[in-house]
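This report covers the nonpolar core, one strand hairpin and the backbone angles of a few residues. The sequence and the structure come first.

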Amino acid sequence: VCEYINNGNFEEGTYPDDDDNVPNYWEKHETTPEEASLISVVADNGPSKPGNNTVQFHRSAGGATGDWTTIRQNLNIDTSIHQVLELKIDIKGFFFNNP
């Protein structure tokens with residue numbers, strides 16, 4: 001198994017970017033930076049790996065602008081040498097309904 005993603009378990013610290021704490025080796029990408037969002041690393045990976053770190057995203061406007069906030073890594077690798085490429089991700093979504 002080859003691992004190309006750096007700090008994929010979010011255990012190797014963070015760096016500040018505005019009000020966000022972005023995992024090391026990752027970069028923040030926002031389509032509408034004016035919308036208030038918050039990125040942080042927390043020890044709450046849900047039932048699959050309790051206590052492991054995960055990235056948490058908060059948005060104050062509830063998507064009113066159509067904005068999206070992500071973290072990403074640009075990988076410069078030759079994928080043609082592999083027969084199979086897999087990306088495994090655990091997601092825990094929370095939706096709040098404000099009256």
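## Core, hairpin and positive phi values

In this predicted model, Tyr25 counts as exposed because its relative accessible area is 51%, and the cut-off for exposed is over 50%. Tyr25 sits in the loop between E2 and strand E3 (27-30). Its phi is near 75°, a positive value in a residue other than glycine.

Phe10 also has a positive phi, near 60°, and belongs to the segment before E1. Phe10 is buried, because its relative accessibility of 14% falls under the 20% limit. Most residues other than glycine have a negative phi.

Another positive phi, near 55°, is found at Asp18, in the hairpin of E1 and E2. That hairpin has 2 residues between its strands. Strand E1 (residues 14-17) and strand E2 (residues 20-23) run antiparallel and are joined by 4 bridges. Asp17 is opposite Asp20 in E2.

The positive phi values are listed here.

| Residue | Phi | Location |
|---|---|---|
| Phe10 | near 60° | segment before E1 |
| Asp18 | near 55° | hairpin of E1 and E2 |
| Tyr25 | near 75° | loop between E2 and E3 |

Which residues form the largest nonpolar core? Its 6 members are Phe10, Val22, Trp26, Ile39, Val55 and Ile71. In soluble globular proteins, nonpolar side chains tend to be buried together.

Trp26, one of the core residues, touches Phe10 and Ile71. Leaving aside residues up to four places away in sequence, the contacts of Trp26 also include Ile5, Asn6, Asn7, Gly8, Tyr15, Arg72 and Gln73.

Note on methods: Residues are numbered from 1 along each chain as its sequence is written. This is a predicted model: local features need pLDDT of at least 70, side-chain atom pairs count only at pLDDT 80 or more; totals for chains, interfaces and linings use all residues. Side-chain values use heavy atoms; hydrogens and water are left out. A nonpolar core is a set of buried Ala, Val, Leu, Ile, Met, Phe, Trp, Tyr and Cys residues joined through side-chain atoms within 4.5 Å. Buried means under 20% relative accessible area, exposed over 50%, partly exposed in between (1.4 Å probe, protein chains only). Contact means heavy atoms within 4.5 Å. Two strands pair if DSSP finds at least two bridges between them.
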